[in-house]
Amino acid sequence: MLKKSLLNDAWRLLGLYEAAHLKVWEEDILDEALAFTTTHLKSLVEHLEIPSFSTNDIFDAYGTLEELQLFTEAIGRWDTDSIHHLPEYMKTCYQAVLDFYREIEEMENIERQFCVHLAKDAMKSWVQAYLVEARWLQEKYIPTVATKEVFDWVLQNPKMVRASATVIRLMNDMASLKFEQERGHTPSSIECYLKQHGVSEKQANDEFHRQIENAWKDMNEECLKPTAVPMLLLSRLLDFARAADVIYKDQKDMFTHPGEVMKTNIRMLLIDPMPI
């Protein structure tokens with residue numbers, strides 16, 4: 001059971017929410033953590049100022065290469081003393097990561113302690129990969145991705161490609177169903193499912209949400225194990241799915257009908273980024 005002490009701590013809830021998205025198969029505790037944090041962050045958002053950036057944001061938008069090196073080394077050491085070597089804006093994020101895994105360790109029984117160690121190793125691998133990309137950006141290095149081996153891999157329709165496509169296709173179809181029915185459009189995947197299985201729209205949506213959750217687990221597993229193609233390619237496939245999650249969140253088609261939320265996202269990313 002997740003601790004009630006988390007309920008009014010926006011930073012720790014956000015850290016747990018982000019880390020829970022690294023879930024893979026047979027990690028029920030992270031499924032529970034994601035449901036728990038999603039529910040309580042929604043209730044907090046009206047009353048508290050939720051932090052504006054996370055681990056991904058630190059690497060993608062805010063940290064200098066020197067600062068990112070310090071953060072990566074701190075994650076590698078995984079101890080509270082390392083926090084003193086970090087810039088102020090990184091300290092809260094780093095502490096949230098440590099607190100999250102400490103909570104998981106306290107909840108897991110002895111037989112499943114290995115899951116926590118694997119999860120920590122996965123986090124270290126992710127951070128190392130982000131640091132490599134940051135170095136490439138500074139050095140203006142463009143890695144070779146479009147090789148014959150890569151094209152052969154893509155043409156085999158591997159799990160990573162299938163999973164990314166599943167997230168994009170199903171989220172798009174659920175969000176645009178009503179609009180496309182009104183204007184007349186080729187039957188979507190959800191319409192095909194309704195006709196094939198004779199179920200209600202809610203039942204179809206529930207099944208599609210389950211398939212999307214499974215696709216995220218597949219993508220996480222593919223990114224966390226050795227692969228025959230560059231991590232950069234896997235990252236791009238992951239980014240396509242992430243973009244779909246933003247654009248079609250809560251079954252709203254913000255690609256066709258961009259509203260204030262999408263305008264705010266674009267403004268905060270490109271026009272008024274958070275100053276450091």
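Here are some notes on the helices, loops and a few individual residues of this predicted model.

1. Overall make-up. You're looking at a protein with 12 helices and 0 strands. Going along the sequence, the pattern reads α-α-α-α-α-α-α-α-α-α-α-α. The protein has 276 residues, and 41% of them count as buried.

2. Helix H8, end to end. H8 covers residues 159-183, which makes 25 residues. At 1.5 Å a residue it should span 36 Å, and the C-alpha atoms at its ends sit 34 Å apart, so the two values agree. Don't read that as a straight rod, though: there's a bend of about 60 degrees at serine 176. Just past the end of H8 comes glycine 184, with a positive phi of about 80 degrees.

3. H8 against H10. H10 takes in residues 201-224, and its axis comes within 8 Å of the axis of H8. The two cross at roughly 150 degrees. Angles over 145 degrees count as roughly antiparallel, and H8 and H10 are therefore roughly antiparallel to each other. Their crossing is left-handed.

4. H10 against H11. H10 also packs with H11, at an angle of about 160 degrees and with the axes 10 Å apart. That angle makes H10 roughly antiparallel to H11 as well. The crossing of H10 and H11 is left-handed too.

5. Tyrosine 130. This one belongs to helix H6, residues 113-139. Is tyrosine 130 buried or exposed? Its relative accessibility is 11%, and the limit for buried is under 20%, so tyrosine 130 counts as buried. Its side chain makes a polar contact of 3.3 Å with the side chain of arginine 242. If you go looking around it, leucine 232 is 102 residues away in sequence, yet the two C-alpha atoms are 10.0 Å apart. Helix H11 runs over 231-247, so to speak the stretch to have on screen while checking these two partners.

6. Tryptophan 78. Have a look at the loop between helix H4 (65-77) and helix H5 (88-107), where tryptophan 78 is found. Its phi is near 55 degrees, a positive value in a residue other than glycine. Tryptophan 78 is buried even though it's in a loop, because its relative accessible area is 15%.

7. Aspartate 250. Here's another positive phi in a residue other than glycine, near 55 degrees. Aspartate 250 lies in the loop between H11 and H12. Where tryptophan 78 is buried, aspartate 250 counts as exposed, because its relative accessibility is 54% and the cut-off for exposed is over 50%.

8. Threonine 256. The loop between H11 and helix H12 (260-271) also holds threonine 256. How does its accessibility come out? Threonine 256 is at 36%, so it counts as partly exposed. The side chains of threonine 256 and aspartate 253 are joined by a polar contact of 2.6 Å. What about alanine 175, and how far is it from threonine 256 in space? From C-alpha to C-alpha the two are 10.0 Å apart, with their positions 81 residues apart in sequence. Alanine 175 falls within the H8 stretch, residues 159-183, the helix that bends at serine 176.

How values were computed: Residues numbered from 1 in each chain as written. Predicted model: local features only at pLDDT ≥ 70, side-chain atom pairs only at ≥ 80, totals over all residues. Heavy atoms only, no water. Helix = DSSP H or I, 4+ residues; strand = E, 2+ residues; numbered from the N terminus. Buried < 20%, exposed > 50% of the residue type's maximum accessible area, 1.4 Å probe, protein only. Polar contact = N/O pair within 3.5 Å; in protein donor to acceptor, adjacent residues only side chain to side chain. Expected span 1.5 Å × (residues − 1). Bend = angle between axes of the 7 residues up to and from the residue. Axes fitted to C-alpha atoms, helices over the stretch in contact; angles between N-to-C directions. Parallel < 35°, antiparallel > 145°, perpendicular 65-115°, else oblique. Left-handed = near helix turned anticlockwise from the far one by under 90°.
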